[in-house]
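Biologist: Before we discuss this structure, I would like to go through a few of the labels attached to it and ask what each one rests on.

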Amino acid sequence: MWRKLLKCREVAKKLYRVEIKNGRNTSFWYESWSPLRCLKDLLCDRGYIDMGISINAMVCECSRHRRRFHKNPIFNRVEEVIDRYKANITEEEDVSLWRNGKGDYKNRFSLKETWQVTRVQYQSCYWKKMVWFKHAIPKLSFVMWMAMKERLSTGERM
């Protein structure tokens with residue numbers, strides 16, 4: 001069960017983000033709190049070394065971070081995000097947000113809306129009730145189903 005859930009991590013990352021207030025409960029590297037999304041994914045393994053921020057740092061600890069100028073422009077963008085965070089610190093708690101079907105984020109999780117966002121929607125099958133009904137003979141239903149899918153071994157297909 002856990003392996004199946006772990007396979008869905010990448011999908012879940014796209015649906016979750018954190019609105020920063022005080023930054024005490026949000027991981028700097030592993031949570032999606034900036035417009036750049038998850039910084040660990042963006043900057044890879046050496047990012048925390050190049051930035052000089054601990055791998056286990058919370059966002060609030062970045063208020064003590066001294067700005068540097070880097071050769072790599074993505075690091076400079078992260079420095080700008082940190083400066084923007086420093087300007088907007090409040091004493092409220094951080095808010096976890098979940099994406100809903102309309103594309104905006106809410107502060108409550110809804111399994112129904114998450115399912116609607118993640119599933120692949122196919123066109124409704126108009127002939128299914130003609131083939132699959134309560135008193136149908138399975139062999140005939142199967143042949144009809146194959147015919148509707150154009151998968152019968154006819155002379156044309158052989």
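The exchange below takes up some of these labels in turn.

Modeller: Please keep in mind throughout that this is a predicted model.

Biologist: Why is Phe-142 called partly exposed?

Modeller: Partly exposed covers the range between buried, under 20% relative accessible area, and exposed, over 50%; Phe-142 has 43% relative accessibility and therefore counts as partly exposed. Phe-142 sits in helix α8, which spans residues 138-148, and together with Trp-132, Val-143, Trp-145 and Leu-152 makes a nonpolar surface patch of about 460 Å².

Biologist: How do you know that Cys-8 has no bond to the closest cysteine sulfur?

Modeller: A disulfide requires two cysteine sulfur atoms within 2.5 Å, whereas the sulfur of Cys-8 is 17 Å from the closest one, in Cys-38, and so is too far for a bond. For Cys-44 the closest cysteine sulfur is also in Cys-38, at 11 Å, which is too far for a bond. A search of the whole structure accordingly finds 0 disulfides.

Biologist: And what makes Cys-44 partly exposed?

Modeller: Its relative accessibility is 49%, so Cys-44 counts as partly exposed, given that exposed begins over 50%. Cys-8, with a relative accessible area of 42%, is partly exposed as well.

Biologist: What makes the pair Asn-88 and Arg-84 a polar contact?

Modeller: The cut-off for such a pair of N or O atoms is 3.5 Å, and a polar atom of the Asn-88 side chain lies 3.2 Å from the backbone oxygen of Arg-84. Asn-88 itself is found in the loop between α5 (73-87) and β2 (95-99).

How values were computed: Residues are numbered from 1 along each chain as its sequence is written. This is a predicted model: local features need pLDDT of at least 70, side-chain atom pairs count only at pLDDT 80 or more; totals for chains, interfaces and linings use all residues. Side-chain values use heavy atoms; hydrogens and water are left out. Patches are made of residues with over 30% relative accessible area and no salt bridge: like charges are joined within 9 Å, nonpolar side chains (Val, Leu, Ile, Met, Phe, Trp, Tyr) within 5 Å. Accessible areas come from the Shrake-Rupley method with a 1.4 Å probe; for residues, only the protein chains shown count as cover. A salt bridge is a side-chain nitrogen of Lys or Arg within 4 Å of a carboxyl oxygen of Asp or Glu. Helices (H or I, at least four residues) and strands (E, at least two) are DSSP runs, numbered from the N terminus. Buried means under 20% relative accessible area, exposed over 50%, partly exposed in between (1.4 Å probe, protein chains only). A polar contact is a pair of N or O atoms within 3.5 Å; within protein, one must be able to donate a hydrogen and the other to accept it, and residues adjacent in sequence count only if both atoms are side-chain atoms.
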